Every structure is written in C-alpha cells, then in structure tokens.
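Q: Please take a close look at the sheet in this structure and at the helices described with it. How are these elements arranged with respect to one another?

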Amino acid sequence: MSACSSQRFPVSDHSDGSVFYNEDRSVNFDRGLLDMIKWKFSGEEEVWPDAVVDNVEPNFSKQLGQGEGAVTFINHATEFVQFEKFTVLTDPVFSERVSPFSWMGPKRHREPGASLAELPKIDVVIVSHNHFDHMDIDSLVAVEKKDQPIFIVPLGNKAFLEENGINHVVELDWWQSYSSDAGFDITLVPMQHWSARGIFDKFETLWGGYVVESSGLKVLFAGDTGYNKQFKEIEEKFGAMDLSLLPIGAYEPRWFMKDQHMNPEEAVQAHLDLRSKLSIGMHFGAFQLTDEGIEDPVTDLVKSLMSKNIDLKDFIVPKNGQTTFFESATPDVK
C-alpha cells in the first residue's frame with residue numbers, strides 16, 4: 001500500500017496516510033441513501049418513553065488500594081473509572097442531544113447518573129471516536145474548564161479539541177500507549193467502527209477502544225464497535241481483563257447495524273474472548289439511535305448469558321449513577 005499525496009498519517013495496515021480502514025476489510029460501512037430510507041421507513045422502530053427516572057446515587061467516597069477499582073455508569077458510553085492513584089472519564093456526554101444541532105437529533109431519555117460538578121477530579125479523558133454521541137464537544141470543553149485533564153484521542157481527532165480551546169491532547173494510533181509517572185499505561189486498541197463529523201469526512205480520523213493498566217488492574221473500554229477478532233487479539237496481547245466496558249445497545253436492525261454495533265449476544269462472546277473477570281454493559285438506554293426498545297439490551301443480555309450458563313454477576317447492567325467496585329484477579333501484580 002503506498003502513501004497518497006495528501007498523506008497526513010503514518011501508512012500502515014489500517015491507513016493509506018489519509019483515511020483509515022478496519023482490520024476486516026470485508027465489513028460494509030458503505031450504506032447509502034437508499035439503505036437509510038429503507039431502514040427509516042421500515043416501521044420497525046420501537047417507541048421509547050419520553051423520560052425514564054430510575055437513576056441511583058453514585059458512591060465516589062471509597063478509598064481504593066492496590067488492585068482495587070470503582071466504575072460509575074454515568075450514561076451511554078460515559079463511565080467514571082477510579083483507580084488507586086488516578087481517575088478516567090470515558091466519552092463524556094452530558095448534553096441534552098447528541099447531534100450537530102441543539103434543536104434536533106437524538107434527545108436523552110434518561111438524565112446522567114451524576115452531573116459533571118458532582119464528579120471527583122478527572123485526571124484523564126479518553127475519547128473513542130468522533131461521532132456526536134461519543135465526542136460531545138460541549139461536554140469536553142466543560143471537563144477542560146473543571147479539571148484540565150489529559151485528553152487521549154485516536155489519530156486525527158486532536159484538531160477537534162484544540163480548535164475549542166483544549167490543549168493538553170495526546171493522539172494515539174492502534175497499539176500505541178501513553179504512560180504516566182502517575183502509574184498508568186493507556187493503549188489504544190482496534191475496534192470495528194468508523195468515523196465522521198459531517199457528510200464528506202468519513203474514515204478521515206481513527207477510532208478505537210482503550211486498555212487502561214494501573215495498580216494491578218487491566219480495564220478495557222470498547223467504545224463503539226461491531227464484533228470481530230479484535231477481542232481475542234486484545235486478550236492475546238494483554239491477558240485476561242479484570243473489567244470490560246462493552247456496548248450492548250444500538251443494534252437493530254441487524255442488516256444495517258451488525259458491522260458497526262454489537263448486539264448483546266455478541267457482547268457476551270466478547271466477554272468470553274477477553275476472559276473478563278467482570279463485564280459491564282453500556283451504550284444503551286439514554287439516546288434512541290436505532291430500532292430496539294429501551295429495555296431490550298438488558299433483557300436480551302440476560303437471555304444470552306443464561307443460554308451460555310454464565311453467572312449473571314459476571315456481566316452486569318448498571319443503572320445510571322450506579323457505582324460498581326471491582327478487583328484484580330491477580331492483586332499482587334504491580
């Protein structure tokens with residue numbers, strides 16, 4: 001593969017220097033207008049309630065030691081992860097809509113489980129890709145004003161943040177890591193998805209998930225992804241995960257969504273591929289992006305776990321605001 005004249009990035013097995021590709025080149029992300037019309041006029045979309053009020057109170061107060069962590073589900077793909085010596089916020093979304101417009105686009109059906117002001121100090125923000133329900137600029141700017149953390153993004157996304165006054169930004173390619181004297185390593189890992197902020201910039205920035213290692217813990221944040229070989233690759237490189245944050249929503253209709261969004265059954269397989277001690281479902285219940293009902297990801301996940309005789313305690317679905325404490329499978333490892 002040769003670099004093109006507009007090369008902006010290193011040429012690799014997933015980039016020609018100007019656009020990026022998935023590991024599996026056979027997946028289809030070239031859905032056109034006719035496919036969109038077919039989907040939107042299929043009449044299969046479930047009606048979500050205007051608002052669901054079932055948030056719970058978070059618990060940020062526990063003092064954590066070596067091999068101990070806590071994760072609070074805020075909403076959608078926003079998780080607040082606490083380690084012994086630092087904190088991570090994933091794909092922060094606190095806005096009313098996930099859209100380029102303030103007056104139209106997917107509107108929230110559940111409030112965040114904690115406001116930004118309620119969160120303890122945020123040391124690191126990781127952003128998986130530039131879709132509006134994952135890279136919410138208003139929320140990122142608010143986080144910057146609150147705590148001035150380090151922001152870690154996939155290649156090509158730094159400019160979106162810097163043009164909005166966010167300056168401490170690190171860009172990573174797949175399998176590249178950021179290490180800190182604070183005692184953590186964060187590695188961008190491949191996921192099967194795509195990127196775009198507009199009509200004409202598809203695939204022009206990278207996407208991915210992250211493995212965060214600190215205090216004897218290994219945590220995977222998968223971001224947004226279809227199911228493929230990436231989870232087995234991650235386990236081969238890093239070993240079993242202590243915690244995996246896996247998307248379980250936005251999966252219907254399958255003919256349209258399969259390559260880009262896992263369904264609960266595939267999330268369960270990812271849990272097994274990763275040999276995850278604990279997995280937590282996310283990317284559901286806040287914004288209606290696809291056709292399934294608001295509670296379908298939860299009920300479908302339980303069915304999938306039971307069909308594989310997996311203990312329901314090993315793969316849980318928290319309420320917005322719910323804090324889950326977890327431990328390393330090998331707590332003496334540093």
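**The sheet and its helices**

A: In this predicted model, helix α2 (residues 137-147) lies across three strands, namely β3 (87-90), β4 (124-126) and β5 (150-154). The direction of α2 is at about 150° to that of β5; angles over 145 degrees count as roughly antiparallel, so α2 and β5 fall into that class.

These three strands belong to an open sheet of 7 strands with mixed pairing, whose order is β6-β5-β4-β3-β2-β1-β14. The edges are formed by β6 (169-172) and β14 (323-327). Each of these has a single partner strand, so one of its sides has no neighbour in the sheet. Direction ignored, neighbouring strands are turned by 20° against each other on average.

At the β14 edge, the pairing with strand β1 (residues 68-75) is antiparallel and comprises 5 bridges. Within this pair, T72 is placed opposite T323 of β14.

A separate helix pair can be described in the same manner. Helix α6 (residues 264-273) packs with helix α7 (residues 296-307) at an angle of about 50°, and their axes are 8 Å apart. The angle makes α6 oblique to α7, and the crossing of α6 past α7 is right-handed. On the α6 side, the contact is made by P264, E265 and V268, while α7 contributes P297, D300, L301, S304 and L305. By residue class, this contact between α6 and α7 consists of 5 nonpolar, 1 polar and 2 charged residues.

Notes
Residues numbered from 1 in each chain as written. Predicted model: local features only at pLDDT ≥ 70, side-chain atom pairs only at ≥ 80, totals over all residues. Heavy atoms only, no water. Axes fitted to C-alpha atoms, helices over the stretch in contact; angles between N-to-C directions. Helix = DSSP H or I, 4+ residues; strand = E, 2+ residues; numbered from the N terminus. Parallel < 35°, antiparallel > 145°, perpendicular 65-115°, else oblique. Left-handed = near helix turned anticlockwise from the far one by under 90°. Contact = heavy atoms within 4.5 Å. Nonpolar A, V, L, I, M, F, W, Y, C, P; charged D, E, K, R; others polar. Pairing = 2+ DSSP bridges.
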